[in-house]
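Please look over the sequence and the structure shown below. The paragraphs that follow lead through them one part at a time.

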Amino acid sequence: MTTLSETVNAIHPTSQAFYEQWEQLEPTQTPMGIARKPAMDSFAQLGIPTTRHEDWKYTNVAAQFKTGLTDITNSTSNEIDASQLNLFPFLKANRLVFVNGHFSPTLSDVIDEAEGLVIGSLAQYNELGHMALRDNYNSLANNYKEAFSALNTAFAQDGAFIFVPAKTEVAHPVIILHVTTEGSQGVINSRSLIVTGRSSRLDVIESHQYLGNDTALGNQLLEIVVGDNGLVNYHKIMTDANIGKHVGNLVAKQGNDSRFNTYVVNLAGQLVRNNMVVDIDGKNSEAGFYGLYSLDGVSQVDNHVTVKHNEPHCESHQLFKGLLNDKSTGVFNGRIYVKQDAQKTNAFQSNKTILLSEQANTYTKPQLEIFADDVKCSHGATMGQIDQTMVFYLRARGLDEAQARAMLNQAFAADVIEKISIEPLKEWLLNQLTQQLTR
Amino acid sequence: MLTIDNLHASINGKEILKGFGLEVKPGEVHAIMGPNGTGKSTLANILAGKEDYDVTDGTVTFQGKDLLDMAPEERAREGVFLAFQYPVEIPGVSIANFMKASLNEVRKHRDLQPLDAVEFLKVMKEKMRFVEIDEKLMRRAVNEGFSGGEKKRNEIFQMAMLEPTLSILDETDSGLDIDALRIVANGVNKLKNENNAFIVITHYQRLLDYIVPDFVHVMYNGRIVKSGGKELALELEAKGYDWIKQEVDATV
Amino acid sequence: MAEEIDIIDQVTQSDYKYGFVTNVESDNAKVGLSEDTVRFISAKKNEPEWMLEWRLKAYKAWLQMTEPTWPNVHYPKIDYQKIIYYAAPKPKKVLNSLDEVDPEILETFKKLGIPMEEQKILAGVAVDVVMDSVSVKTTYKEKLKELGIIFCSMSDAIKDYPELVQKYIGSVVPVRDNYFAALNSAVFSDGSFCYIPKGTRCPMELSTYFRINEANTGQFERTLLIADEGSYVSYLEGCTAPMRDENQLHAAVVELVAMDNAEIKYSTVQNWYPGNKEGKGGIYNFVTKRGICQGINSKISWTQVETGSAITWKYPSVVLKGENSIGEFYSVAVTNNYQQADTGTKMIHIGKNTRSRIVSKGISAGKSQNSYRGLVKVNPNAENAYNFSQCDSLLIGDRCGAHTFPYLEVSNKSAKVEHEATTSKIGEDILFYCNQRGLSTETAVQLIINGYCKEVFQHLPMEFAAEAQKLLAVSLEGSVG
């Protein structure tokens, strides 16, 4: 029987039910098993954050937990028909599919092979004791005191594991598809780990698909370790109908001379929170964060980005754009942290929002915390409406008002998608965007 | 072309170069590898004339002249080019303006007429194609808002413009993806001829798959401790530097 | 590191080239400020009663006000009783041509490079020279008169066009607007007045040159410029002052009024004595400049190149009242040694579809402090107001400071306000990079500064732009490595 550490005095009320469930888990001595207990300790103390918590001021995730959600990663059926999914058939790619937090070998397909390259299930390689998994699992999330990460570490069973050895360029993107099904009640935890070696390259496309109207809350945690001189492009795509409830944590670390880009495109989502925390731990590295949230209905997307410049001569870019229609809400919270030793840092941050309706809301909080003196940082935020004179101009050229607006909105939003380097994905997303804007 | 003999140099009283020696002849490519903090970048900076360092002993002769005696801009005009490890951003100065001023200084030194705007643009466009740089970048301030890869390509572009006799590439390959690396390497390979020479300082053996060096030197603790052909680089990539350190430390 | 400081010192240490004193007899007011001083000034200038009343009202208001402390500048308390509030060069006789002007003054102008000589006049420059507050000579007045354009000294305007002056003076900058505006209203000695009639495009750049000569004098000039419906004028203002150990006060007021479809372009090159390298002496430049876009489709554009003064406190502003009106502010502010500048602009959007644009380039060198302070205010009725602000700071060396204080107050949902700010630094690494490409340090600094300020310079009239570029080079001279 496992007990909480003595240092944990009181269990947060919202953690109680999870705690009781967690006690039923089979203890193991694998990397995943070992990490569970300190994580549960941490979650027991933290509890589910409310809107009084500064980081959750605009996103009321606690309301979801009022009904007493529990972890259902272990109790949900994982059977699913491939025809229900968008498997990105237009892309030649490696595919890893996870249904309710469990690997589906039948839906998955790995095409790239190289010596030492791993594209597979975290649970499997956890059992096998893969060296890179041992060395890196929870090594980043552990330092990140955040309730959903702790909850994830305590409960998650499976997810993707990718290991790219040195000087290996993975020829095709790896699609990681997380499916959450209908009828589920509770939280599904899924966990992934990506470790890339020196001078390697990897493109990842993560897609979250929700089937049915009453789906579970997906709580996913992804750790990425980018090796020296390496390149990782990470894409997170949510384009389904506005039903998904999702909390995603991305915790990453970069080595020397590395590049890491994230592209987060939300064209839907009932309640979506994207947390990204990246430590630039090597010199001469670059990080890019590009986000688009084009929303309608009552959907809400909340992007939180934290870039920590810990070493000199690095550069980071953040560009997030929001197009908010109906009663949707967009939140952007960007934080640039420049450590004292991180001289010659260049960091840029920009958030632009267009409100398409009177009832749409946008909240922006750009933050700079700079402790070095020789740095170049800038941030900008704009919010507003489409320029009427431009609409008029297009109408004067024969477009109707709806067409004119759609065209201008498309141009505004496409800017982010254009940054994606996988051409077929870019085309597909632009197409999705057009469909959404002309609906 | 270049003779470095028993070079000792220090910064803030700390000795970085401890008897460095190297002979570079026209037409040669020398690769210098080594673990972090062994003085590779110090060497590059001293050859270019950065004044933070005190040269305490030794000589550097470049085409018969005492290189250490010259101001940084004189060295540049004499034909020493450094592709910087961290190319700085120069606010407000477009690359076109910058290169025009620079190229004309170099030409003046070589007793050539300055290029007028039209001639200059012609040369510039040709060299830009050469390193596959987007022409749009030319109107932007030098390196400002450039990605890491663009900055490094811009260094090679400038090298192509100034046609130096001795080019020192200080980790120009670091942080480049394979496409950018090929462009940089192609640039160097196209510029290479029997009259000029290159010193390529690198961390990653990968570059040497594209720029084939005549010599590979391992630098450790402020001097060259091992020299060989290109196979030495492969050996280093596979085995790391510990064995070199052990060898050196054992003989001390 | 030591090397960097050397280079930076060379870059930032150069001498004030306009610091010579002209020996002209002067007709001064008594030291200090009282009701009598105000009456003395008004009497000296033969002003009508209403003007005196207006001055006295301002004086009384001033007595009740306190000096502002919010700017990011520091200076010892000013003793307003130690300042001479009026100094006019003693006229020897009435002047009919340039030849009759005191040769020493002409020599001064020559040293200043004022465009006063024949060739400059041919180039189309009319100059109203204000020396120690009194207009010495106005050229080209006749030519302008034919077009109905009034361009004269404020003193003449009070005499000749009292109804225009009475209507507009204090209408943009009220007497009680701020401490220094009140002071100026009480004791202003002279300045320029300009009226462009309806539908007239002023065919030449109008230009005023201010110069403080007398020791211990304050300069309080007052400029009023009215562009009537559909008119256009471009106005240039340049300022210099001799080198003195004491600090001198300059508290000017400039008021601009643009009616329907009118456009005013107001350019300033300010090169008051900045004090010496130890921070001794120099001008306190506390100026209130404001324009109002009164009419629809009107436009006011401020362009300034500020290199002088020990302390600058200045926010050329535009009140955008008329629908579709446009306000612009382009500024280069250079501070060196111990100079302090707290400067910027205010764009007040009142009318619908009003647009404003702010481009501010601060350059700090030596031990100076350079602050940008700007307000963009969108009132509730200013539908579709648009503002774009770009505030860049350039630091030369690491002992100076740059600060940005943008205030954005938006009370209308349809407004679009954009703000961008950057800070860069010219350090040893940039200079070394340029050296490595064969450029000398001096060439490198010039290349950078000119490139950095290009966006502002291109809004200056041609010959002013060349002058500004030279001035910047002089201000930051000594870069030869």
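**A walk through the model**

In chain A, helix α6(A) passes helix α7(A) in a right-handed crossing. The model is a predicted one. Two packed helices are described by the angle between their axes and the distance between the axes. Here α6 covers residues 388-396 and α7 covers residues 401-417 of chain A, the angle is about 125°, and the axes are 9 Å apart. That angle makes α6(A) oblique to α7(A), because an angle that is neither under 35 degrees, nor over 145, nor within 65 to 115 counts as oblique.

Which residues in α6(A) and α7(A) meet? From α6(A) come A:M390, A:V391, A:L394 and A:R395, and from α7(A) come A:E401, A:A404, A:R405, A:M407 and A:L408. Sorted by class, this contact of α6(A) with α7(A) has 6 nonpolar and 3 charged residues, and no polar ones.

Next comes a residue in another helix of chain A. A:T434 sits in helix α8, which spans residues 423-437 of chain A. In sequence, A:T434 and A:N409 are 25 residues apart, while in space their C-alpha atoms are 9.2 Å apart. Is A:T434 buried, exposed or partly exposed? There are 16 other C-beta atoms within 10 Å, so A:T434 is partly exposed; a buried residue would need 20 or more, and an exposed one would have 12 or fewer.

Two loop residues of chain A can be read together. A:F88 lies in the loop between α2 (31-46) and β1 (94-99) of chain A, and A:S199 lies in the loop between β6 (187-196) and β7 (201-210) of chain A. The phi angle of A:F88 is near 50°, a positive value in a residue other than glycine. The phi angle of A:S199 is near 55°, again a positive value in a residue other than glycine. As for their surroundings, A:F88 has 18 other C-beta atoms within 10 Å and is therefore partly exposed. A:S199 has 28 C-beta neighbours inside 10 Å, so A:S199 counts as buried.

Chain B offers a sheet to follow. Four strands form an open sheet in the order β2-β1-β4-β5 (chain B), and their pairing is antiparallel. Why do β2 (14-24) and β5 (65-66) of chain B each have one side without a neighbour in the sheet? These two strands stand at the edges and have a single partner strand each, so one side of each is left without a neighbour. Strand β1 (residues 2-11) and strand β4 (residues 54-62) of chain B pair in the antiparallel sense over 7 bridges. B:I4, for example, has B:V60 in β4(B) as its bridge partner. Helix α1 of chain B (residues 40-48) packs on the sheet and touches β1, β2 and β4 of chain B. The direction of this helix makes about 70° with that of β2(B).

Chain C is the last part. It contains 12 helices and 23 strands. Of its 481 residues, 58% count as buried. Among contacts in chain C between residues at least 6 apart in sequence, 85% join residues at least 24 apart.

Chain C also touches chain B, in a contact that takes 19 residues from chain C and 24 residues from chain B. On the chain C side, the elements that give two or more residues are α10 (428-436) and α11 (441-457) of chain C. By class, that side has 8 nonpolar, 7 polar and 4 charged residues.

Terms used: Residues numbered from 1 in each chain as written. Chains lettered and ligands numbered in written order. Predicted model: local features only at pLDDT ≥ 70, side-chain atom pairs only at ≥ 80, totals over all residues. Pairing = 2+ DSSP bridges. Contact = placed C-beta atoms within 7 Å. Axes fitted to C-alpha atoms, helices over the stretch in contact; angles between N-to-C directions. Nonpolar A, V, L, I, M, F, W, Y, C, P; charged D, E, K, R; others polar. Left-handed = near helix turned anticlockwise from the far one by under 90°.
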